[in-house]
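Visitor: I would like a close look at a single part of this model, with some sense of how that part fits in with the rest. Could you walk me through it slowly?

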Amino acid sequence: MINGVNNSLSLGNIAGGGATPANSTGAGSPSGSCFSEMLKNSIEEVSKLQQDASKAVQDLATGRSEDVTGVMTAMEKADIAFKTLLAIRGKLMDAYDEIKQISV
């Protein structure tokens, strides 16, 4: 179970690197839906990683699994993904504060 956990959440995917979304339109058009979808997918991926880690810990505690290394790996993946998401949230909040201070 733990060996099948795939951490596709990477800083490149969150920051907009990688493939262009299929639903994006040409330059100059609003891409808010693309960003919101990317953010929503990232949050769902972090949630899935946390659920997988919790299940792995529960399986280890109840004796259904003896793979301590796999459990620790799942916990670290979930922790890193969550910290990355928090860092992105912090950067977004900083950008929002900067925009609020712009006088029009």
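**A close look at helix α3**

Guide: Happily, and a word on the whole chain comes before the part: buried residues make up 18% of its 104 residues. What you see is a predicted model. The chain has three helices and zero strands, so from the N terminus on, by the rule that helices and strands are numbered from that end, the elements run α-α-α. About 7500 Å² of the chain is exposed, with carbon and sulfur atoms supplying 57% of that area.

How far can you lean on the coordinates? The mean pLDDT of the chain is 79, and 69% of the residues reach 70 or more. Among the elements, α3 has the highest mean pLDDT, 96, while helix α1, residues 11–14, has the lowest, 43. Over residues 1–29 the pLDDT stays under 50, and the model has 36 contacts beyond four places in sequence for that stretch. Where pLDDT is low, the predicted coordinates should not be read in detail. With that in mind, let us turn to α3.

Helix α3 covers residues 68–101. It has 34 residues and reaches 50 Å from its first C-alpha to its last, close to the 50 Å expected at 1.5 Å a residue. Which of its residues are buried? They are Gly70, Val71, Ala74, Ala78, Ala81, Leu85 and Ile88.

Take alanine 74 as a starting point. Its relative accessibility is 5%, and because the cut-off for buried is under 20%, alanine 74 counts as buried. Its C-alpha atom is separated by 9.7 Å from that of glutamine 51, although the two are 23 residues apart along the chain.

Further along α3 comes isoleucine 88. With a relative accessible area of 16%, isoleucine 88 is buried as well. Its partner for a distance check is leucine 39: the two are 49 residues apart in sequence and 9.8 Å apart in space, C-alpha to C-alpha.

Now for the helix that shares a core with α3. The largest nonpolar core has seven residues in all: Val46, Leu49, Ala53, Ala74, Ala78, Ala81 and Leu85. Two elements, α2 and α3, give two or more residues to this core. The largest share, four residues, comes from α3. As background, nonpolar side chains in soluble globular proteins tend to be buried together.

Helix α2 itself spans residues 32–62, and two of its polar residues are worth a stop. Serine 42 lies in α2 and counts as buried, because its relative accessibility is 7%. The side chain of serine 42 reaches the backbone oxygen of methionine 38 at 2.9 Å. Glutamine 58, also found in α2, counts as partly exposed, because its relative accessibility is 47%. Between glutamine 58 and valine 71 there are 9.6 Å in space, C-alpha to C-alpha, and the pair is 13 residues apart in sequence. Valine 71 is one of the buried residues of α3.

One figure for the whole chain rounds off the tour. Of the contacts with a separation of 6 or more, 73% are between residues 24 or more positions apart. So if you go back to the display, you might start from alanine 74, a buried residue by its 5% relative accessibility, and follow α3 along to isoleucine 88, buried at 16%.

Conventions. Residues are numbered from 1 along each chain as its sequence is written. This is a predicted model: local features need pLDDT of at least 70, side-chain atom pairs count only at pLDDT 80 or more; totals for chains, interfaces and linings use all residues. Side-chain values use heavy atoms; hydrogens and water are left out. Buried means under 20% relative accessible area, exposed over 50%, partly exposed in between (1.4 Å probe, protein chains only). The expected span of a helix is 1.5 Å times one less than its number of residues. pLDDT is the predictor's confidence in each residue, from 0 to 100. Contact means heavy atoms within 4.5 Å. A polar contact is a pair of N or O atoms within 3.5 Å; within protein, one must be able to donate a hydrogen and the other to accept it, and residues adjacent in sequence count only if both atoms are side-chain atoms. A nonpolar core is a set of buried Ala, Val, Leu, Ile, Met, Phe, Trp, Tyr and Cys residues joined through side-chain atoms within 4.5 Å. Accessible areas come from the Shrake-Rupley method with a 1.4 Å probe; for residues, only the protein chains shown count as cover.
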